[in-house]
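Visitor: Please take one part of this structure and go through it closely. I would like to know how it is placed among its surroundings.

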Amino acid sequence: MEAIAAFLDMDGYAGYVWPAYAVAAAVLAALAVLSVRRLRRNQRDVAVLEADRPRRRRPRCADEGASEGDGEA
Amino acid sequence: MLRRPWRNRSDRAVSSLHRFANPGRFRRSSAALLPWCAGGAAAALGVGLYFALFSSPPDYQQGQSVRIMYVHVPAAWMALMVYAAMAAASAAGLIWRHPLAHVAARAAAPVGAAFTFVCLATGALWGKPMWGAWWVWDARLTSVLILFFLYLGYIALANAFDDPVRGERAAALLALVGFVNVPIVKFSVDWWSTLHQPASVARIGPPAIDASMLAPLLLMAAGFALFFVSILLVRVRSELLARRLRALRLARARAAPGA
């Protein structure tokens, strides 16, 4: 118990060390969460619109498709 | 008769990079790569944090506050590296018109800004106990603050135009012009008399840091770097999907006017 308290105290520097790690963790976690959330939202929206589209064979160029072939040259 | 579309090695290198401009191929490649990068990041950060917080010694002068170094320095390294990557991607977009170049630069910018912010914040938290000041206007700190503003300026400029192509081009020019700041940041501690200490790792000669401290530092740096690659892959895929979304919506609006 004392060892844990000593570790957390960081020889008196606790007020600087732990906020530093907290800021780093928070910023990187927020970046990851927001990026993945946006990706999932875009994947969902694209899937909705592509399901809605009339099924037509079209030459595919510079667009990304989930199911209709994969743009192999 | 088939002829190769390239005449020399530079053309061939450019052509091979252009293969990944195909969104389908990029999507498959990034989907294969992402788990390794993310897993590698988690492993490097996990082991790095163990060494940084538990299994490395306190500094003979700075005591336990030296542990801030294990987040501050990797963040600083990434802040510079991401800007260099952003500038390189901007150059590739402007010179070779690689379709993914600007996408990659725009995806990288917020990540670089985040690393720069972490560097500044953890630096202030380290400076207060060590120097007695949250902030000084010395060359290193000021040039990193300018780096942060350059990131924010890039993001703002890229989003400021109705025509995204013009926005990308303007932002790419800003990234290239601002690249002069990167060597300024790096050599600021040599060129000016700064409160910030000189380089201990990336210097001429052997590292001026003990191996027991260098190991967690490099592990955390590797973790941050793999984290950056992972987030970059996610964001580029996201942006490619967003472009597809815009194209689909445009096609819909044209097909059914007034619907």
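**Helix H6 of chain B and its neighbour H5**

Guide: Of the 259 residues in chain B, 46% are buried. The model is a predicted one. Chain B contains eight helices and zero strands, and its C-alpha trace spans about 70 × 45 × 35 Å along the principal axes. Of the contacts between residues at least 6 apart in sequence, 73% join residues at least 24 apart.

The part chosen here is helix H6 of chain B, residues 164-178. Its 15 residues reach 21 Å from first C-alpha to last, close to the 21 Å expected at 1.5 Å a residue. Its buried residues are Gly167(B), Glu168(B), Ala171(B), Ala172(B), Ala175(B) and Gly178(B). Viewed down the axis of H6(B), these buried residues fall within an arc of 135 degrees, so they line one face of the helix. An α-helix has 3.6 residues a turn, so residues three or four places apart point the same way. On the face of H6(B) turned away from the buried side are the exposed residues Arg166(B) and Val177(B).

The buried residues of H6(B) pack against five helices of chain B, namely H3 (69-95), H4 (101-131), H5 (139-160), H7 (181-191) and H8 (211-255). The N-terminal end of H6(B) is capped by Asp163(B), with a side-chain oxygen 3.1 Å from the backbone nitrogen of Val165(B).

One of those packing partners, H5(B), can be followed further. H5(B) has 22 residues and reaches 31 Å between its first and last C-alpha, close to the 32 Å expected at 1.5 Å a residue. At its start, a side-chain oxygen of Asp138(B) comes to within 3.3 Å of the backbone nitrogen of Arg140(B). The buried residues of H5(B) include Arg140(B), Ser143(B), Leu147(B), Phe148(B), Tyr151(B) and Tyr154(B). Their cover includes H3, H4, H6 and H7 of chain B.

Ser143(B), which lies in H5, gives a local view of this packing. Its relative accessible area is 3%, under the 20% cut-off, so Ser143(B) counts as buried. A polar atom of its side chain lies 3.0 Å from the backbone oxygen of Arg140(B). Leaving aside residues up to four places away in sequence, Ser143(B) touches Asn181(B), Ile184(B), Val185(B) and Ser188(B).

As for the outer surface, chain B exposes about 13,200 Å², with carbon and sulfur atoms supplying 67% of that area.

Definitions and conventions:
Residues are numbered from 1 along each chain as its sequence is written. Chains are lettered from A and ligands numbered from 1 in the order in which they are written. This is a predicted model: local features need pLDDT of at least 70, side-chain atom pairs count only at pLDDT 80 or more; totals for chains, interfaces and linings use all residues. Side-chain values use heavy atoms; hydrogens and water are left out. Helices (H or I, at least four residues) and strands (E, at least two) are DSSP runs, numbered from the N terminus. The expected span of a helix is 1.5 Å times one less than its number of residues. Buried means under 20% relative accessible area, exposed over 50%, partly exposed in between (1.4 Å probe, protein chains only). The arc is that of the directions from the helix axis to the C-beta atoms. Contact means heavy atoms within 4.5 Å. A polar contact is a pair of N or O atoms within 3.5 Å; within protein, one must be able to donate a hydrogen and the other to accept it, and residues adjacent in sequence count only if both atoms are side-chain atoms. Accessible areas come from the Shrake-Rupley method with a 1.4 Å probe; for residues, only the protein chains shown count as cover.
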